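Here is a walk through one protein model, taken piece by piece. Keep the 3D view open while you read.

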Amino acid sequence: MTDEATMIVRKEGRAGRLTFNRPKALNALDAEMAEAIDAALAAWRDDPEVAVVVIDAVGERAFCAGGDIAKIYHQGRAGDFTTGPRFWREEYRMNARLAEYGKPVVSFMQGFVMGGGVGVGGHAHHRVVGDTTQIAMPETGIGLIPDVGGTLLLAQAPGRVGEYLGVTGSRIGAADAIYAGFADLYLPEAEWEAVKAQLIATGDPSVLPKGRVPATKGRLADLRPQIEATFGGRDIHEIVAALEASGTHFATETLAILRRNSALSEEATLRLVRMTRATPTIRDALSNEFRFTLRAVEKADFLEGVRAQIIDKDRSPTWKYSLETLPMAEVAALLEPLPRDWEIAFETA
């Protein structure tokens with residue numbers, strides 16, 4: 001492939017290399033890019049020339065700021081409620097192949113790493129972050145849920161940190177990404193190219209430097225007592241009640257976020273993180289998430305959320321429900337088991 005490709009795929013030395021190449025679009029992931037990743041991983045699985053896979057991105061602003069969802073929005077507005085789910089189902093197959101891959105995968109995640117970007121970089125075996133890294137699963141703000149296997153990462157975060165990050169969509173830097181389990185190693189970004197060169201030459205992830213500490217301290221560890229005290233509630237109503245009773249700055253800040261995002265998505269996210277925690281595998285996480293995303297375009301807040309945040313950019317969505325009027329039966333309906341003809345047919349990694 002050439003440098004004109006939105007996903008540059010090539011072999012160099014002992015490495016298979018995947019590079020996001022849509023910097024003007026913050027490297028947003030579309031169907032063709034997801035297909036390119038999946039095809040490359042399948043081709044390199046038994047290739048003796050490839051000892052390691054290295055994933056990175058062109059541009060300083062973003063590794064990948066999420067999925068390219070504008071097309072799904074326009075299709076949904078036109079009454080097409082199946083093309084979006086078909087893309088998500090194929091993307092999830094790629095996420096599973098990546099997470100289960102039999103060769104080491106190293107991701108270098110600078111700038112924004114959100115949504116679909118977490119689904120690629122966050123499932124690598126060695127996840128490198130730097131000083132510009134900002135990771136988030138902000139889907140409740142567009143009427144969706146943390147998907148692409150994000151609920152697995154959230155479910156495995158310490159204590160109730162996963163519930164907090166998933167429901168609020170809060171951004172985290174390098175230190176908190178490592179603390180929450182979204183990343184493994186911090187390296188100053190000025191050193192990344194030299195480290196990639198070593199990986200390419202040796203095919204051995206042990207060349208990755210260890211023991212570096214971000215200059216900027218994280219905040220999650222200090223917030224843990226408040227997170228544990230409030231996000232252990234049985235549902236979003238109990239969490240809101242605990243926050244209202246707390247009265248701290250954290251509680252006030254968090255309540256403002258919860259009232260701004262989709263209540264339907266928040267409660268579904270809470271349930272999905274806990275469903276995946278009960279059976280913490282990538283395939284179960286993706287299958288659980290697809291219960292919601294399969295129905296999201298037609299039946300959830302997705303179209304209104306994308307309109308407000310991406311299309312019209314008025315930042316004033318009119319959600320179906322508030323936190324006070326949310327019917328739990330509707331959340332349950334969105335999380336019903338998948339119809340047999342929509343189940344994800346995962347392939348061997």
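A residue counts as buried when its relative accessible area is under 20%. With that cut-off, five of the five residues of strand 5 are buried, so this strand is largely enclosed by the rest of the structure. One thing to keep in mind from here on: this is a predicted model.

**The sheet**

Let's stay with strand 5 (residues 105-109). In a regular strand the side chains alternate between the two faces of the sheet. Here both faces are covered: V105, S107 and M109 are buried on one side, and V106 and F108 on the other.

What does strand 5 pair with? On one flank there is strand 3 (residues 52-57), joined to strand 5 by three bridges. On another there is strand 7 (residues 126-129), with four bridges. Both pairings can be laid out together:

| Partner of strand 5 | Bridges | Direction | Residue pair |
|---|---|---|---|
| Strand 3 (residues 52-57) | three | parallel | I55 and S107 |
| Strand 7 (residues 126-129) | four | parallel | V129 and M109 |

Zoom out and you get an open sheet of six strands, in the order 1-2-3-5-7-9, with mixed pairing. Strand 1 (7-12) and strand 9 (185-186) are the edges, and each of them pairs on one side only. Helix 1 (residues 31-44) lies across strand 1, strand 2 (15-20) and strand 3, and runs at about 20° to strand 1.

**A tyrosine in an edge strand**

Is Y186 buried or exposed? Y186 lies in strand 9, and at 7% relative accessibility it is buried, because the cut-off is 20%. Leaving out residues up to four places away in sequence, Y186 touches V129, G130, D131, A174, I178, R212, V213 and P214. V129 may ring a bell: it is the bridge partner of M109 in strand 7. P209 is 23 residues from Y186 along the chain, and their C-alpha atoms are separated by 8.8 Å.

**Two loop residues with positive phi**

Most residues other than glycine have a negative phi. Two residues here go the other way. N27 has a phi near 55° and lies in the loop between strand 2 and helix 1. With a relative accessible area of 1%, N27 is also buried. R315 has a positive phi of about 55°, again without being a glycine, and lies in the loop between helix 14 and helix 15.

**Helix 13**

How far apart are the end C-alpha atoms of helix 13? This helix covers residues 282-299, and at 1.5 Å a residue its 18 residues should span 26 Å; the ends are 25 Å apart, which agrees. Helix 13 does bend, by about 30° at F290.

F290 is also one of the buried residues of helix 13, alongside I282, A285, L286, N288, E289, F292, T293, L294, R295, A296 and V297. The cover over these buried residues includes helix 2 (70-77), helix 3 (83-99), helix 5 (150-155), helix 12 (263-278), helix 14 (302-311) and helix 15 (328-334).

**The annotated span**

Finally, the record: an unreviewed UniProt entry places "domain: Enoyl-CoA hydratase/isomerase" at residues 16-333. In the model, that span is 51% helix and 10% strand, and its end C-alpha atoms lie 42 Å apart.

Definitions and conventions. Residues numbered from 1 in each chain as written. Predicted model: local features only at pLDDT ≥ 70, side-chain atom pairs only at ≥ 80, totals over all residues. Heavy atoms only, no water. Expected span 1.5 Å × (residues − 1). Bend = angle between axes of the 7 residues up to and from the residue. Buried < 20%, exposed > 50% of the residue type's maximum accessible area, 1.4 Å probe, protein only. Contact = heavy atoms within 4.5 Å. UniProt positions renumbered as here; feature names shortened; annotations may be inferred. Pairing = 2+ DSSP bridges. Axes fitted to C-alpha atoms, helices over the stretch in contact; angles between N-to-C directions.
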